[in-house]
Amino acid sequence: MNIESSISSMVVKAISDLYGQEVSEKMVQLQKTRSEFEGNLTLVVFPFLKMSKKKPEDTAKEIGDYLVAHDKNVAGYNVVKGFLNLSIATSAWIGLLNTIHAEEHFGEREATDASPLVMIEYSSPNTNKPLHLGHVRNNLLGWSLAQIMAANGNKVVKTNIVNDRGIHICKSMLAWQKWGNGETPESSGKKGDHLIGDYYVAFDKHYREEVKELTAQLKAEGLGDEEAEKRAKDEAPLIKEAHEMLVRWEQGDPEVRALWEKMNSWVYAGFDETYRALGVSFDKIYYESETYLEGKAKVEDGLARGLFFRKEDNSVWADLTNEGLDQKLLLRSDGTSVYMTQDIGTADMRFKDYPIDKMIYVVGNEQNYHFQVLSILLDRLGFEWGKDLVHFSYGMVELPNGKMKSREGTVVDADDLIATMIADARQMSEDKVNKLEGIDEAEKDEIARIVGMGALKYFILKVDARKNMLFNPEESIDFNGNTGPFIQYTHARIRSILRKAAAEGIVIPEKLADDMPVNEKETDLIQKMNEYGAAVEQAGKDYSPSGIANYCYELTKQFNQFYHDYSILNANTEAEKQVRLVIAANVAKIIRNGMRLLGIEVPERM
C-alpha cells in the first residue's frame, strides 16, 4: 500500500473513531501540498465539518493529532484554515523509494486473462502514394495509445486498414501501364510506395492536360465555361480508361488483378520500411478489397431486417433523423459500396476475429461526423461495442512554410522528414565532438537515429492530440526545454553517473535501510516518481499520450534541478550517496519506461 492509500484509510478510521461516522475513501481528498506551505500532502477537511460540528481549524487539528498517533507515515502537520498539511516521515519516503526500486515497471499494470481486449486502428494508408506528415502523427499517436492502454492492464490488438481498392489505385496502375516501360523499384532505385506515388502524380498531370484541351474544344463548340469543364473532366479519355479498369477489377479480370497485386506488393514493401523507421507495427492488417464485400452483405442483411431502406433508384440508405442526423447513403444505385459500408464490413470481420471489448479508431478530426454515424449504425446492427466505440480524433499537423517540401510540393513526405531529422541529429552530435569521443561511426549513426526520431516523436506527442499543430524541426531537436533530446540527454547523463559509480566499485543497494537520510529535494523527487502510476492511469482514461510526455518532462526538469543543487558521487556521506544513486537509477528507469510508452528510445550516452 502506498503512502496516499495508507493515509486515506487512516482518515476514514479517524472519522469513525472521532465522530462516529462512516465515510468512504472517495470523500478523502489528498493532494500535493502547495510549494508555499510546509508539508508533503494536504488533506481537505471541509467534507468532514458536518460530522465534526466544529470549526475547520479544530477539525483539522483533531484529525492531524489522530494521524500522527496512529499512522507511522505521518511525522507531523500544520493547519491552514480548512487544509491539513501533513509532513511525511523519512522512513515512509525510504519505504516508497524501495517499492519503486523493486519494480522494473513501477506504476504500470500487466494484463491478465480477464483483462478487457482493446483494439486500436491506426495508419489507414492508401496504396497510391507514400506516407506523409499526417500519417506520421497518426502512426505515432496510435502506437503510443496502444502502449498506454497495455500499461493500464488491457490486452491490446494493434490493427491497420489499408485502402487498396478504388479509382485512385487504378489511376496509378493505368499511368504505369502507359508510361512505365516496365519500371520497378529495383530498376529505378526508388522505394515502391514512392514509385507508385510518382505514377499517381503522372496520371494527374496528363489528365489535367486532357481536361484543359477538351474544355477549350467544348467551349469552341459553344458550351459555357463551367459546363465545358465539367464535361471535360467526365469525358477525358484517361479518366474513362481508369473507370473501365476499375470495372474490370471489380469483375475479377485476371490481367488487372495481377497488375494490382504486383504494384501493391511494391507499395507494401515501401510502407514496411517507413513503419520500421517510425518504430511502429501491427498485430493484424485488414484490406478494404476484402472488407467491402462483407460490408455490402451486412447492409443487405440490415435492409432485410428493416434497419435500412431502399430508394426508387435502388440505392440503400439509413434513416438517422431520430438521432438528430440526416439520411446516410450505404449502397449506391449501382450496388457499389461507400466508405461507411467498408467500415461496417471491417468491423464485422474484426468482431469475428477477436472478442473486442473496446474499439478505438485513430482518425483525423475531419472524420468526426463519419464516426458518429458509424457508431449508431454498428449499434443498430448489433455490435456490442458499437455504441461505445472511441473515435480518437486528432488535429492537422503542418510544417512552417518552406521547410522540407515533398516531391510533389504539396505534402511532406514521411521518409524525407525522417531522413532530415536523423541528419540534423547527426550534425548536432558532430558539433559536440568532445561528447562523442571514443564512439565509432556505427554508434554515432545509432545515436543520431535515436535522437532524431526521439525529437520528431516527442514534439508531435507532447501536444494535445485534439489540437492542430505546427511541427518545427529546429525547435524539436533542441537540447533545452520541453523536447525529446532534453529528456534523452538527462537519461544518458544518469547512465553515465551509474557507469562511473560501477567503475569506482560502488554497488547500488537492492534495498535501503529505513533510517537513511533524505532531504526536501529528494522527497520531492520520490513523490514525483510515485506520480508515474497516476500519470499512466490518467493517460489511459483520457487517451492522452501528451499526459505521459509532459510527466516525463516534469520529472526530467525536477531531476536536473536536483543534480544542479547536489552532488551524487561526491555526496558528504556514504548514506547520502547510496540514497542519491537509488533515486538517480529510478529516475532513469521511469524516464525510460515513460518514453517507451511514447515509442521513444533513450540512449545510454549522447
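**Reading strands and rings**

Analyst: Let's start with one contact: Arg310 stands opposite Val316, a residue of β9. The model is predicted, so local features need pLDDT of at least 70 and side-chain atom pairs pLDDT 80 or more, while totals for chains, interfaces and linings use all residues. Residues are numbered from 1 along each chain as its sequence is written, and side-chain values use heavy atoms, leaving out hydrogens and water.

User: Which strands sit at the edges of the sheet around β9?

Analyst: Strands of a sheet pair through backbone hydrogen bonds, parallel or antiparallel. Here 3 strands form an open antiparallel sheet, ordered β8-β9-β10. Its edge strands, β8 (309–310) and β10 (327–331), each pair on one side only. β8 is joined to β9 (residues 316–319) by 2 bridges. Strands are DSSP runs of E, at least two residues, and helices runs of H or I, at least four, numbered from the N terminus; strand pairing needs at least two bridges.

User: How do I read the pair Phe559 and Phe562?

Analyst: Two aromatic rings are described by the distance of their centres and the angle of their planes. Rings of Phe, Tyr and Trp (its six-membered ring) pair with centres within 6.5 Å; planes under 30 degrees apart are stacked, over 60 edge-to-face, the rest tilted. That rule gives 20 aromatic pairs. Phe559 and Phe562 are tilted, at 6.2 Å centre to centre and 50° between the planes. They are about one helical turn apart because 3 residues separate them in helix α21 (residues 545–565). Ring pairs also link Tyr122, Phe271, Tyr275 and Phe282 into a cluster.
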